[in-house]
Amino acid sequence: MNDCLFCKIVSGDMPSAKVYEDDQVLAFHDIDKKAPVHVLIVPKKHITSVAGASDADLDICTHIMRTAKKLAADFKLTDGFRIVVNTGKDGGQTVDHLHFHLLGGRSLTWPPG
Ligand code: AMP
Ligand code: ZN
């Protein structure tokens, strides 16, 4: 997926402010943060979205949740946090590489717009 922004970040062809990496996932600060802590967690494998993922692809979501929990603790989000996975046009997805937003550090409103 040569033209995929997050694949380029995973490969190092595009810079990012990395906060965590292992063999399966990369986490980095969102460039346009919506909260004091706004981290994106992405699988290293190109998966377009929840809707575009195979059942096997979705196994990565458990590891991403585990990573989000660890990062929330690292960033001391002791009062809570939000994990968001925008999917498709109506879901507000703008980058077609599966990613989980981890947001925290302020009181977040509900429902989102
Ligand atoms: P979504 O709208 O759910 O697809 O989220 C895509 C997110 O990627 C947005 O919050 C953007 O601010 C973020 N983003 C776009 N380009 C970059 C980049 N080069 N580095 C970090 N975050 C980015
Ligand atoms: Zn990709």
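**View 1. His-101 sits in strand E5, which covers residues 100-104.** Everything shown here comes from a predicted model. Is His-101 buried or exposed? With a relative accessibility of 12%, His-101 counts as buried, because the cut-off for that is under 20%. Look for His-38 in this view: its side chain and that of His-101 are joined by a polar contact of 2.8 Å. Neighbours within four places in sequence aside, His-101 also touches other residues, among them Asp-30, Leu-40, Arg-82 and Asn-86.

**View 2. Five strands make up an open, antiparallel sheet.** Follow the strands across in the order E1-E2-E3-E5-E4. At the edges are E1 (18-21) and E4 (81-84), each pairing on one side only. On average, neighbouring strands are turned by 20° against each other, direction ignored.

**View 3. Strands E2 and E3 pair in the antiparallel sense.** E2 spans residues 25-29 and E3 spans residues 37-43, with five bridges linking the two. To find your way around, start at Phe-28, which stands opposite Leu-40 in E3. Helix H2 (residues 60-74) packs on the sheet and touches E1, E2, E3, E4 and E5. The direction of H2 makes about 155° with that of E3.

**View 4. Here we turn to Cys-7 and Cys-61.** Both are buried: Cys-7 has a relative accessible area of 16%, and Cys-61 has a relative accessibility of 16%. Why does Cys-61 form no disulfide? The closest cysteine sulfur, in Cys-7, is 16 Å from the sulfur of Cys-61, so the gap is too far for a bond. A search of the whole structure turns up zero disulfides.

Terms used
Residues are numbered from 1 along each chain as its sequence is written. Chains are lettered from A and ligands numbered from 1 in the order in which they are written. This is a predicted model: local features need pLDDT of at least 70, side-chain atom pairs count only at pLDDT 80 or more; totals for chains, interfaces and linings use all residues. Side-chain values use heavy atoms; hydrogens and water are left out. Helices (H or I, at least four residues) and strands (E, at least two) are DSSP runs, numbered from the N terminus. Buried means under 20% relative accessible area, exposed over 50%, partly exposed in between (1.4 Å probe, protein chains only). A polar contact is a pair of N or O atoms within 3.5 Å; within protein, one must be able to donate a hydrogen and the other to accept it, and residues adjacent in sequence count only if both atoms are side-chain atoms. Contact means heavy atoms within 4.5 Å. A disulfide is a pair of cysteine sulfur atoms within 2.5 Å. Two strands pair if DSSP finds at least two bridges between them. Axes are lines fitted to C-alpha atoms, for helices over the stretch in contact, and angles run from 0 to 180 degrees between N-to-C directions.
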